[in-house]
Amino acid sequence: MTTIEYDVVVIGAGPVGENVADRVVRGGLTAAIVERELVGGECSYWACMPTKALLRSASALRAARQLPGAREAVTGDLDTAAVLGRRDSFASHWQDDGQVSWLESAGIALHRGHGRISSARTVEVTGIDGVTTRLTARHAVVVATGSSALLPDIPGLREAAPWSSREAASAGSVPRRLAIIGGGVVAAEMATAFAALGSSVTVLARDGLLPSAEPFAGELVTESLREAGVSVRLGAEAVSVERDAGGVVRIGTASGERIEADEVLVAVGRTPNTQDIGLDGIGLAPGAWLAVDDTLRVVGGGEWLYAAGDVNRRALLTHQGKYQARAVGDVIVARAKGAKVEDGRWGRHVATADERAVPQVVFTDPEIASVGLTAAAAEAAGLRIRVVDYDLGAVAGASLHTDGYKGHARMVVDEDRKVIVGFTLAGPDVAELIHAATIAIVGEVPLDRLWHAVPAYPTVSEVWLRLLETYGR
């Protein structure tokens, strides 16, 4: 067996693994990355990029149809083939040549195959040809293997060959009838996308739609989906699934209802890709989420083992995983060189934002953009808060943006410190507005100072002034 030594070995070449390796190399160390699928990971081929490409064309068409003058210029419906073709281009046609070229240009070694931790600082990679190569790390091994769609234990579900987020994101055609089990972000976005592409969509949202968001967000999206012809069944629980010889899927619910569809998408959560990476050989549980300390070092895994991205369950979002990757790469370099580790709150080598300021956008109609804590989460954390709400459609910029603009804004204030700890926007095209709130929360900008951050008129951002006025000076 060939043995090759590097300073750092990263298992997983998604955005998180790529960023860890890049920071390590930029810091003067050597790095190898191990990947058993496509370099670029879930986000590039089956999640962030292709799904948003599926959603964007319909979003642009809706925006045009909501404006007099533009509405009259719209003469047809979506071209499904063109939408799917654009999606394919954003997924690089499921080829990773470009990503591999980037690794080479960055000075990162790529080892294709299945990686398993065989002992401390050692990863054995078995290629598709069956040949195994041993990689040893002088300083650290980083697990960045991501997560996969969770398949619940519903009788008949596995046998029915359901779609996961992967199949939905890469579908070559649009099913006439699509049933979706789940009510989270994937469920809401794919219901939006496939309804716009012509599917008759039914959503079985046992725990409600977007249950982790502020309640008004789920309510607005539910209303919009229903207006688009989607059957949203709040509280409905799937208890059985079967696919007949003709390909028709039949879903039984706890209430006794039976729903027929041509495809069923399961979107109820994620599970970590840690089942077969050698955790059992180092005293950790295979298939488990990896608990980490503030510098992303795996608890109980030794000083050489780190975990970044979905596998540590801190924040299952690509941008947060890349944020963690920057911290991990930098702290490994610091420790390797004997430099000072900045592990205090908001320090260079920690991921404080994972707990205090996670931004997220749900690309539904309307868009939902949020950062920090919901009102319920802030109260659960023991904060003394005040919730400030405002009708986003009442802002001058919103009325110019879209006739009949419907939206809502919420600001959650920590009354003891007089700073914002949570912010949620719901409305057309609010995604690009959320970063201002992220900066306010991360910077812990006092409300008294925010009065001096004057929003331009007439923009939708004027909602900041209206929220402050509602709060009072």
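Which residues of helix α13 (residues 434-442) are buried? The legends below address this point and others in a predicted model.

**Figure 1. The buried residues of helix α13 and their surroundings.** Helix α13, spanning residues 434-442, has I434, A437, T438, A440 and I441 as its buried residues. These residues lie on the same side of α13, because the arc that they cover around the axis is only 165°. An α-helix has 3.6 residues a turn, so residues three or four places apart point the same way. The cover over the buried residues of α13 includes the helices α10 (353-356), α14 (447-450) and α15, together with the strands β17 (359-362), β18 (367-372) and β21. After α13 comes E444, which has a positive phi near 50°.

**Figure 2. The aromatic pair of F423 and W464.** The structure contains three aromatic pairs. One of them, formed by F423 and W464, is stacked, with 4.5 Å from centre to centre and 15° between the planes. F423 belongs to strand β21 (residues 419-427) and W464 to helix α15 (residues 463-471), so the pair ties together parts that are 41 residues apart in sequence. Both F423 and W464 are buried.

**Figure 3. The disulfide between C43 and C48.** A disulfide is a covalent bond between the sulfur atoms of two cysteines. One disulfide is found in a search of the whole structure. C43 and C48 are its partners, with an S to S distance of 2.5 Å. The link of C43 and C48 is left-handed, with -135° about the S-S bond. C43 has 11% relative accessibility and therefore counts as buried, whereas C48, at 24%, counts as partly exposed.

**Figure 4. The charged end of R166 over the ring of W46.** In this view, the charged end of R166 is placed over the W46 ring, at 3.6 Å from the ring centre.

**Figure 5. The largest nonpolar core.** This core has 50 residues, and the members that touch the most others are I117, V141, L305 and I332. Two or more residues each are given to this core by the strands β1 (2-11), β2 (31-35), β5 (122-126), β6 (132-143) and β16 (305-307), and by the helices α1 (15-26), α5 (97-106) and α9 (318-337). Strand β6 supplies the largest share, six residues. Apart from neighbours within four places in sequence, V141 contacts V9, I11, I117, R121, T122, V123, W304, L305 and Y306.

**Figure 6. A second core and the setting of A267.** Separate from the largest core is a second one of 34 residues, with L55, A193, A267 and A426 among them. A267 occupies the loop between β14 (263-266) and β15 (270-272). With 12% relative accessibility, A267 counts as buried. When residues up to four places away in sequence are left out, A267 touches I181, G182, G183, V186 and A187. The C-alpha atoms of A267 and S164 are 6.6 Å apart in space, although these residues are 103 residues apart in sequence.

**Figure 7. The loop residue T374 and its contacts.** T374 is part of the loop between β18 and α11 (375-380). Its relative accessibility is 16%, so T374 counts as buried. Beyond residues up to four places away in sequence, T374 touches S212, A213, E214 and V412.

**Figure 8. Two cis peptide bonds.** Most residues other than glycine have a negative phi, and most peptide bonds are trans. The bond from D365 to P366 is cis, with omega near 5°, and P366 is placed in the loop between β17 and β18. The bond from Y457 to P458 is also cis, with omega near -5°; P458 lies in the loop between α14 and α15.

**Figure 9. Positive phi at H93 and R121.** H93 is a residue other than glycine with a positive phi near 55°, and its place is the loop between α4 (80-90) and α5. R121, likewise not a glycine, has a positive phi of about 60°. The loop between β4 (114-119) and β5 contains R121, which at 26% relative accessibility counts as partly exposed. R121 also appears in the view of the largest core, where V141 is in contact with R121.

Notes. Residues numbered from 1 in each chain as written. Predicted model: local features only at pLDDT ≥ 70, side-chain atom pairs only at ≥ 80, totals over all residues. Heavy atoms only, no water. Phe/Tyr/Trp six-rings, centres within 6.5 Å; stacked < 30°, edge-to-face > 60°. Helix = DSSP H or I, 4+ residues; strand = E, 2+ residues; numbered from the N terminus. Buried < 20%, exposed > 50% of the residue type's maximum accessible area, 1.4 Å probe, protein only. Lys NZ or Arg CZ within 6 Å of the ring centre and 35° of its normal. Disulfide = S-S within 2.5 Å. Core = buried A, V, L, I, M, F, W, Y, C linked by side-chain atoms within 4.5 Å. Contact = heavy atoms within 4.5 Å. Arc of directions from axis to C-beta.
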